[in-house]
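The following report describes a single protein chain, shown below with its sequence. Please keep the structure in view while reading.

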Amino acid sequence: MIVYVLAGAALAAVPLLWLLRRAARATRAADLRTADADTSARAAHARADAAEQRARAADGTAHAAEAAARTAEDRAGAADARADAAEERARAADASARAAEAHRTVAETRYTAAVRELAHLAHERLPATTTALTHPRTPVPGPLDATGGTEELHHALESTLTAAVRAVLAERDRTDAAARAALRGAASKIQALLIQVRSLLEEIQLSVDDPRLLALDFRNELTLRRVQSLAVLSGAWPGMTREDSPLAELCVGAQSRVSGYARIEITNHLREPRLAVAARAAEPVAIALAEILGNATAYSHPETRVVVSIEQGSSGALVVVDDMGVGMEPDQLERTADLLGGQAEVLLTELGDPPQAGFAVIGLLCRQFGFGCRVEPSPYGGVRAILRLPADLLTLTDPVAPLSALAPRPITQTTPVFDAGDALPTRKRRSPRVPQQDAPSALPSPAGSTPDRARSAWSALQSGTLAGRSAVHRNPGPEGPAAPEGVETP
């Protein structure tokens, strides 16, 4: 039983042993697994440590990479900033380049405009300005572009033009003064010689029977008139000093100084036959009348008349000269009006070649001695010249002194032909004219004449001529200017 019990116990212990063995094997397996697990754990720990080391290294690398990235980012930011700055500088450089190009374009434009303005100034404005100094109605062009350019350029151009005009005026005045001085000296000497020739011819005519002496004396008078005109134009003394001279005799005297004297018809409408020009203005009036008559005969047909009318008003006297010539253009009339009215400067160098000095001489005499002259178209088709003598230049001669036989006698009239003031004379129908008395006779023929008859004829003609022309041989009047040195006063 015990055996059985032992057998049973043995049988019962077998599974237990088996279980124990199994448990032991399981334990050993568990230990092995545990050991393996420990080994694995240690390996895992090692790997974990390595991983941790690698992680730490990775973290370090990451930190380094992050630092490098931050550094790179900072560098990238700095590079971006530098790039932005470079771009800004590039944009600024482009703007500066564009501004420089714009300035260069503006400078080139201004340079081109300045060159054009200078060329325009040299070739157009300066010549026109210098021409306008003599002919004021000449248009003077302005700048090509008055609104463009710069104020400095226009100021410089105007300053240049002003300086050039000032220099031209100074040189013109210097040249004209030198020409006047030379002409004045020459005219004074020639005038003195011609007056001496006149005196000598007058002596010869009283003793020699030769009609050519009268022609020579006449040409001497023509030459003397030319010299007197040049003397007046150069600022010299106008000529012979007179006493009070009847106006009608002055007109005849002026007629005797003109080459076409035979064509001149003088009509006397004075209410007072002895109306005379004061001594201080007698010779200037004679010179002015001679210039007017000279122009009238020179610019009209040789077969036409030159009509002279002597009128008297309440404020003075008029001498109206009408020719039937070619007339004058409007611009010529304006220029002549300027010369006669003192509006235009008289320059010797700008009177033409040969000089056309007639109206310039008349204008100078008018301004100097106080009488007036004007020109206008004549109803006869040519030019009408009106010489106006104010009352302060007029006087009456001595009733006892005889008038010249050559002077035209006043025509009887019942109504006035001239209204007072500055109005022009009005021509009205009058009673038939009385033929002129004491008209100059023809020159005596040398054939069949005796010395006594010739001397008598020459004496009569000479006395009438001397009374009617410019050389009245009397003492100078108290108001007359003194004669220059070298000029004899008969």
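What is the order of the strands in the open sheet of 3 strands?

## Strands and sheets

The order is S1-S3-S8, and the pairing in this open sheet is antiparallel. The model under discussion is a predicted one. Strands S1 (245–246) and S8 (394–396) form the edges, each pairing on one side only. Between S1 and S3 (residues 275–277) there are 2 bridges, and these two strands run antiparallel. Ser245 is placed opposite Val277 in S3.

A parallel pairing occurs between S2 and S4 (residues 306–313), which are joined by 5 bridges. Within this pairing, Ile266 has Val308 of S4 as its bridge partner. Strand S2 (residues 264–268) has 4 of its 5 residues buried, so the rest of the structure largely encloses this strand.

## Overall composition and confidence

The chain contains 8 helices and 8 strands. It has 490 residues, of which 36% count as buried. Considering contacts between residues at least 6 apart in sequence, 75% join residues at least 24 apart.

The chain has a mean pLDDT of 75, with 74% of its residues at 70 or more. Two stretches call for caution. Over residues 414–451 the pLDDT stays under 50, and the model has 51 contacts beyond four places in sequence for this stretch. Residues 470–490 also have a pLDDT below 50, with 44 contacts in the model beyond near neighbours in sequence. Where pLDDT is low, the predicted coordinates should not be read in detail.

## Nonpolar cores

The largest nonpolar core comprises 54 residues, and Leu247, Val285, Phe371 and Leu387 have the most contacts inside it. Helix H5 (residues 279–298) supplies the largest share of this core, with 10 residues. Another core lies apart from it and has 7 residues, including Leu224, Val227, Ala231 and Ala236.

Which residues does Phe371 touch, leaving aside those up to four places away in sequence? Pro284, Val285 and Ala288 are among them, as are Leu365 and Cys366. The list continues with Leu387, Arg388, Leu389, Pro390 and Leu393.

## Helix H4 and the loop to S2

Helix H4 (247–255) is followed by a loop that leads to S2, and Ala262 has its place in that loop. H4 itself is mostly covered, with 9 of its 9 residues buried. Among these buried residues are Leu247, Leu250, Cys251 and Val252, together with Glu249 and Gln255.

In the loop, by contrast, Ala262 is exposed, with a relative accessible area of 69%. The C-alpha atoms of Ala262 and Pro302 are 10.0 Å apart in space, while the two residues are 40 apart in sequence.

## The aromatic pair

The structure holds 1 aromatic pair. Its members are Phe218 and Tyr261, whose ring centres are 5.2 Å apart; their planes stand at 65°, so the pair is classed as edge-to-face. Distant parts of the chain are linked by this pair: Phe218 belongs to helix H3 (residues 212–233) and Tyr261 to the loop between H4 and S2, 43 residues apart.

The two partners may also be described by their accessibility. Phe218 is buried, with a relative accessible area of 18%. Tyr261 is partly exposed, and its relative accessible area is 40%.

## Cysteines

How many disulfides does the structure hold? The number is 0. Cys366 is in no disulfide, and the nearest cysteine sulfur, that of Cys373, is 5.4 Å away. Why does Cys373 not form a bond with Cys366, the residue with the closest cysteine sulfur? The distance between the sulfur of Cys373 and that of Cys366 is 5.4 Å, which is too far for a bond; a disulfide requires the two sulfur atoms to be within 2.5 Å.

Both residues can also be placed by their accessibility. Cys366 is buried, with a relative accessible area of 6%. Cys373 likewise counts as buried, at 13% relative accessibility. Cys366 is also one of the residues that Phe371 touches.

Technical notes: Residues numbered from 1 in each chain as written. Predicted model: local features only at pLDDT ≥ 70, side-chain atom pairs only at ≥ 80, totals over all residues. Heavy atoms only, no water. Core = buried A, V, L, I, M, F, W, Y, C linked by side-chain atoms within 4.5 Å. Buried < 20%, exposed > 50% of the residue type's maximum accessible area, 1.4 Å probe, protein only. Contact = heavy atoms within 4.5 Å. Pairing = 2+ DSSP bridges. pLDDT = per-residue confidence, 0-100. Phe/Tyr/Trp six-rings, centres within 6.5 Å; stacked < 30°, edge-to-face > 60°.
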